Amino acid sequence: MKIERIEAIPYAIPYTHPLRFASGEVHTASHVLIRVHTDDGLVGTADTPPRPYTYGETQKSIITVVDEIFAPQLAGLDPFDREKAQRVMARTVHNDTAKGAVDIALWDLIGQAVGTPVHKLLGGYTDSMRVSHMLGFRPAAELLEEAQRFREQYGVTTFKLKTGRRPLDLDVEAVRVLREGLGDDVEIYLDANRGWTANEAMEVLRRTDGLGLTALEEPCDASEAMSRRRLVEHSSIPIVGDESVPTPGDVSRELLSGGCNAVCIKTARSGFTQATEILGLCTGLGVDVTMGNQIDTQIGSLATVTFGAAHEASQRRAGELSNFLDMSDDLLAEPLEIISGRIHVRDVPGVGIAIDEEKLARYRQD
Ligand SMILES: [Mg+2]
């Protein structure tokens with residue numbers, strides 16, 4: 001089996017409402033669908049969510065790097081030779097979601113070729129993940145209403161609150177309202193998307209002490225090295241690296257230098273191959289991981305649950321898998337469902353990403 005060609009298809013699907021957080025705001029999912037075609041007619045599929053304000057990738061840059069750099073070098077390669085593909089793509093720095101999607105599409109091909117679900121190939125630990133729901137910037141009363149609705153409608157009991165606002169009272173108040181309204185049997189953790197300084201984050205932790213928070217993600221820019229290290233040393237809850245740790249090298253640098261002591265893994269930017277390396281670093285060093293969301297579609301969320309459910313360590317914490325509910329539509333032919341707070345992997349060969357071709361024709365922009 002040989003890679004014949006790679007398609008990078010731009011498409012746009014509006015969100016039902018704008019999503020706001022400290023690093024940006026999105027109104028439309030302007031993504032790129034990656035399709036790797038082989039000479040024996042198999043098609044491996046993955047989704048790329050560009051996040052320009054965080055990683056510098058855009059829809060156009062992803063298409064260009066795939067069309068002009070990766071595709072010509074990967075053509076003719078056996079999809080099973082993932083390590084060769086990794087080395088080809090590693091020559092180009094950054095462009096992590098473009099690389100991640102190509103890697104996931106290769107795994108999808110491998111699963112199809114051997115007639116095995118990819119979650120089994122990756123580890124086969126379990127068949128589902130608990131879902132954590134992300135709460136964006138909204139007045140505290142609306143956040144509580146949203147969380148209550150998710151608990152009732154979907155059985156979700158873990159919530160990530162987007163923070164990083166100034167004045168700090170806005171976020172401290174939101175935590176208090178959520179804890180009082182939801183009770184003690186709900187997990188709440190924070191993600192500041194670098195919105196604060198390390199010292200502001202210290203103040204927020206002090207003011208929310210006793211409210212049962214379980215983690216604080218990306219409190220400040222990781223380059224604020226000394227203050228951030230002090231924060232990590234003094235915090236009673238894990239400080240999670242996310243956008244500061246997109247690659248295995250970044251993960252080792254931040255963990256070993258004390259810039260974080262937990263890691264968010266996103267298959268959108270790591271693919272399955274690098275996500276496996278990151279997970280190995282984290283389990284080896286004994287730190288928690290969370291399966292994160294790059295505002296993924298159903299295709300991206302299915303990839304996340306495929307990886308997350310495959311390993312014991314990545315399924316321990318609830319995975320951030322519900323962002324697709326904010327989209328007005330999706331390309332996945334058979335919709336993902338959250339049932340009793342969980343999303344299941346698909347027991348079909350590959351990742352199980354069947355595309356609704358009519359919808360792709362409607363939303364594609366090329
Ligand atoms: Mg994050």
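These legends walk through several close-up views of one protein chain, a predicted model.

**View 1. The whole chain, before we zoom in.**
Start by getting your bearings: the secondary structure of this chain adds up to 14 helices and 12 strands. Its radius of gyration is 20 Å, close to the 21 Å that the globule rule gives for 366 residues, so the chain is as compact as a globular protein of that length. If you box in the C-alpha atoms along the principal axes, you need roughly 60 × 40 × 35 Å. Of the 366 residues, 59% are buried. Now take the contacts with a separation of 6 or more: 73% of them link residues 24 or more positions apart. As for the outside, the accessible surface is about 14,000 Å², and carbon and sulfur atoms contribute 48% of that.

**View 2. Strand 4 and the strands it pairs with.**
Here we look at strand 4, which covers residues 128-135. Seven of its eight residues are buried, so strand 4 is largely enclosed by the rest of the structure. Which strands does strand 4 pair with? One is strand 12 (residues 342-344), which runs antiparallel to strand 4 and is joined to it by three bridges. To spot this pairing, find S128, which sits opposite H344 of strand 12. Another partner is strand 11 (residues 319-320), paired in the parallel sense over two bridges. Look for S132 here, whose bridge partner in strand 11 is E320. Then there's strand 5 (residues 158-162), also paired with strand 4 in the parallel sense, this time over four bridges. M134 is a handy marker for that pairing, with K160 of strand 5 opposite.

**View 3. From strand 4 over a helix to strand 5.**
Stay with strand 4 and follow the chain onward. Strand 4, helix 6 (residues 140-154) and strand 5 together make a β-α-β unit, and this unit is right-handed. The two strands of the unit are parallel partners.

**View 4. Strand 9, covered on both faces.**
Some background first: in a regular strand, side chains alternate between the two faces of the sheet. Now look at strand 9, residues 262-265. What is found on each side of strand 9? A262 and C264 are on one side, V263 and I265 are on the other, and all of them are buried. Both faces of strand 9 are covered, then.

**View 5. Strands 8, 9 and 10 with their linking helices.**
Widen the view a little to see what strand 9 pairs with. Strand 8 (residues 239-241) runs parallel to strand 9, and two bridges join them. G241 has V263 of strand 9 as its bridge partner. Strand 10 also runs parallel to strand 9, joined by four bridges. In that pairing, I265 has M291 of strand 10 as its bridge partner. Helices come into the picture too: strand 8, helix 10 (residues 248-256) and strand 9 form a right-handed β-α-β unit. Strand 9, helix 11 (residues 267-285) and strand 10 form a right-handed β-α-β unit as well.

**View 6. D288, partly exposed in strand 10.**
Zoom in on D288, a residue of strand 10, which spans residues 288-291. Is D288 buried, partly exposed or exposed? With a relative accessible area of 36%, D288 counts as partly exposed. Leaving out neighbours within four places in sequence, D288 is in contact with N261, A262, V263, R316 and R317. Take R317: it is 29 residues from D288 in sequence, with 8.3 Å between their C-alpha atoms.

**View 7. T48, buried in strand 3.**
T48 belongs to strand 3, residues 43-48. Its relative accessible area is 0%, and buried means under 20%, so T48 is buried. Not counting residues up to four places away in sequence, T48 touches H31, V32, I34, I62, T97, A98 and A101. With V32, there's a detail worth finding: the side chain of T48 reaches the backbone oxygen of V32 at 2.6 Å. You can also pick out V102, which is 54 residues from T48 along the chain, with a C-alpha separation of 9.1 Å.

**View 8. H37 and its polar contact with E7.**
Our last stop is H37, in strand 2 (residues 24-38). H37 is buried, with a relative accessible area of 13%. Which side chain does the side chain of H37 join in a polar contact? That of E7, at 2.7 Å. Setting aside neighbours within four places in sequence, the residues in contact with H37 are K2, I3, E4, R5, E7, L42 and V43.

Key:
Residues are numbered from 1 along each chain as its sequence is written. This is a predicted model: local features need pLDDT of at least 70, side-chain atom pairs count only at pLDDT 80 or more; totals for chains, interfaces and linings use all residues. Side-chain values use heavy atoms; hydrogens and water are left out. Buried means under 20% relative accessible area, exposed over 50%, partly exposed in between (1.4 Å probe, protein chains only). Two strands pair if DSSP finds at least two bridges between them. A crossover is right-handed if, with the strands pointing away from the viewer, the path from the first strand over the helix to the second runs clockwise. The radius of gyration is taken over C-alpha atoms; the globule rule is 2.2 Å times the number of residues to the power 0.38. Contact means heavy atoms within 4.5 Å. Accessible areas come from the Shrake-Rupley method with a 1.4 Å probe; for residues, only the protein chains shown count as cover. A polar contact is a pair of N or O atoms within 3.5 Å; within protein, one must be able to donate a hydrogen and the other to accept it, and residues adjacent in sequence count only if both atoms are side-chain atoms.
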